[in-house]
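Q: Please take a close look at one part of this model, the helices of one chain and how they pack, and then follow the connections outward from there.

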Amino acid sequence: MEIQQFIENFAAQFDETDASEFTISTRFKELQEWSSLIALSIIMMVNEEYDIGIGAKEIVGSDTIGDLYTIVATKTTL
Amino acid sequence: MLAGKNVMVTGASSGIGREIALVLSKQNANLFISGRNEERLKQVFEKLTCRDKSNYIVCDLTNEEEVKSKIKLLPTLDGVVFCAGVNEFVPFKFISKEKLENIFNVNYFSVILLLQKLLKNKLINKGASLVFISSISAQLGVPATAIYAASKAAINSTVKVLASELAPQKIRANAICPGIVKTPMIGNANIDVSQFLEQEKNYPLGLGMPVDIANAVVFHLSDESRWLTGNILMLDGGFTLQ
């Protein structure tokens with residue numbers, strides 16, 4: 001699983017935030033555009049792109065994009 | 001209030017359906033409860049009072065062949081409560097044919113096809129009451145509920161048509177649209193439970209409990225509501241007032 005691709009997929013769920021804002025250490029819940037609908041879109045994206053089921057718990061438990069990447073990557077290799 | 005009435009409740013193994021079964025049982029109805037999870041359904045059945053005249057039917061209502069064979073276990077019914085349902089929050093951009101089919105199969109197609117078979121096989125008595133557990137989502141615009149809301153809106157439309165088609169036999173059809181009710185479905189949904197609970201401030205009478213829905217069902221099934229048909233009841237603790 002490629003981190004850069006993950007960040008791009010993550011960023012694609014946002015419409016207003018500039019792509020340059022998204023890095024491994026971005027604290028995504030602090031972004032102005034962050035909303036519960038985007039949270040849901042991230043869950044759906046992970047399911048579609050990586051065939052991994054995550055829920056609100058994983059979003060709540062992640063502060064940075066890197067945190068969520070680690071969770072998804074761990075599940076991918078299981 | 002319901003003594004001697006034969007009532008079927010679908011989706012009775014958990015949440016609102018479970019509570020409906022328990023409350024109807026206290027009103028001495030003979031119950032025919034269905035659900036997919038045998039263990040949980042049995043647990044509900046064990047709590048019913050009129051067990052000698054009641055039964056539980058393990059059935060996947062989305063499987064038409066199974067429904068065809070399982071309805072043979074039913075007596076003629078004085079009431080049916082359609083409570084089986086699923087919810088998944090899906091942002092519009094992520095809607096797929098598979099998700100549409102999953103939600104509509106459970107929330108709409110299986111409901112209609114079960115009732116069609118009950119009617120065709122003359123298993124619904126004259127004067128019976130059909131109660132559909134719908135949702136206020138059908139009338140709102142909550143983000144990510146397009147499929148769920150549409151499936152419940154489809155139920156609401158069907159209720160009106162059924163009410164006029166079945167009126168000659170004095171069979172009544174009504175829908176109850178609950179607002180947010182504290183059930184396991186909240187925890188199973190793919191969004192944070194706290195988002196539901198935060199909604200409490202928008203409910204003048206607070207969030208609903210399963211018994212609030214069950215009590216309304218008792219009235220709908222009883223002869224006291226004999227003049228009520230084709231109605232869509234908003235049961236939401238005042239949420240839609242605002």
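A: The account below starts with one helix, goes on to its packing partner and the loop after it, and then turns to other parts of the model.

The model is predicted. The part examined is helix 1 of chain B, residues 15-26. Its 12 residues, at 1.5 Å a residue, should span 16 Å, and the end C-alpha atoms are 17 Å apart, which agrees. Of these 12 residues, 10 are buried, so helix 1 of chain B is largely enclosed by the rest of the structure. The buried residues are B:Gly15, B:Ile16, B:Gly17, B:Arg18, B:Glu19, B:Ile20, B:Ala21, B:Leu22, B:Leu24 and B:Ser25. Charged residues are among them: B:Arg18 and B:Glu19 are both on the buried list.

A partner of this helix is helix 8 of chain B, residues 210-221. Two packed helices are described by the angle between their axes and the distance between the axes. For helix 1 and helix 8 of chain B, the angle is about 50 degrees and the axes are 8 Å apart. That angle makes helix 1 of chain B oblique to helix 8 of chain B. The crossing of the two is right-handed. On the side of helix 1 of chain B, the residues that meet helix 8 are B:Gly15, B:Ile16, B:Glu19, B:Ile20, B:Val23 and B:Leu24. An α-helix has 3.6 residues a turn, so residues three or four places apart point the same way. Helix 8 of chain B contributes B:Pro210, B:Val211, B:Ile213, B:Ala214, B:Asn215, B:Val217 and B:Val218. By class, the residues of this contact divide into 10 nonpolar, two polar and one charged. B:Gly15, B:Ile16, B:Glu19, B:Ile20 and B:Leu24 also appear among the buried residues of helix 1 of chain B.

After helix 1 of chain B comes B:Asn28, whose phi is positive. B:Asn28 lies in the loop between helix 1 and strand 2 (30-35) of chain B. Its phi is about 65 degrees, although the residue is not a glycine. Most residues other than glycine have a negative phi, and most peptide bonds are trans. B:Asn28 counts as partly exposed because 15 C-beta neighbours lie inside 10 Å.

Another positive phi outside glycine is that of B:Lys170, near 60 degrees. This residue is in the loop between helix 5 and strand 6 (172-178) of chain B. Its 13 C-beta neighbours inside 10 Å also put B:Lys170 in the partly exposed class.

Helix 5 of chain B (residues 146-166), which precedes that loop, packs with helix 4 of chain B (residues 97-120). Their axes come within 9 Å and cross at roughly 20 degrees. Helix 4 and helix 5 of chain B are therefore roughly parallel to each other. Helix 4 of chain B passes helix 5 of chain B in a right-handed crossing. Helix 4 of chain B makes the contact through B:Lys99, B:Leu100, B:Ile103, B:Phe104, B:Asn107, B:Tyr108, B:Val111 and B:Ile112. From helix 5 of chain B come B:Ile147, B:Tyr148, B:Ser151, B:Lys152, B:Ala154, B:Ile155 and B:Thr158. The residues of this contact comprise 10 nonpolar, three polar and two charged.

Elsewhere in chain B, B:Ala128 sits in strand 5 (residues 124-133). With 23 C-beta neighbours inside 10 Å, B:Ala128 is buried. Apart from neighbours within four places in sequence, B:Ala128 is in contact with B:Leu77, B:Asp78, B:Gly79 and B:Ile171. B:Ile171 follows B:Lys170 in the numbering.

Chain B also touches chain A. The contact takes 11 residues from chain B and nine residues from chain A. On the chain B side there are seven nonpolar, two polar and two charged residues.

Within chain A, A:Glu33 lies in the loop between helix 1 (3-11) and helix 2. With 12 C-beta neighbours inside 10 Å, A:Glu33 counts as exposed. Leaving aside neighbours within four places in sequence, A:Glu33 is in contact with A:Phe14, A:Glu16, A:Thr17 and A:Ile38. A:Gly55 is in the loop between helix 2 (36-50) and helix 3 (56-60) of chain A. A:Gly55 is partly exposed, with 13 other C-beta atoms within 10 Å. Its C-alpha atom is separated by 9.1 Å from that of A:Met44, 11 residues apart along the chain.

Technical notes:
Chains are lettered from A and ligands numbered from 1 in the order in which they are written. This is a predicted model: local features need pLDDT of at least 70, side-chain atom pairs count only at pLDDT 80 or more; totals for chains, interfaces and linings use all residues. Two residues are in contact if their C-beta atoms, placed from the backbone, lie within 7 Å. Axes are lines fitted to C-alpha atoms, for helices over the stretch in contact, and angles run from 0 to 180 degrees between N-to-C directions. Helices (H or I, at least four residues) and strands (E, at least two) are DSSP runs, numbered from the N terminus. Angles under 35 degrees count as roughly parallel, over 145 as roughly antiparallel, 65 to 115 as roughly perpendicular and the rest as oblique. A crossing is left-handed if the near helix is turned anticlockwise from the far one by less than a right angle, and right-handed if clockwise. The expected span of a helix is 1.5 Å times one less than its number of residues. A residue is buried if 20 or more other C-beta atoms lie within 10 Å of its own, exposed if 12 or fewer, and partly exposed in between; C-beta atoms are placed from the backbone.
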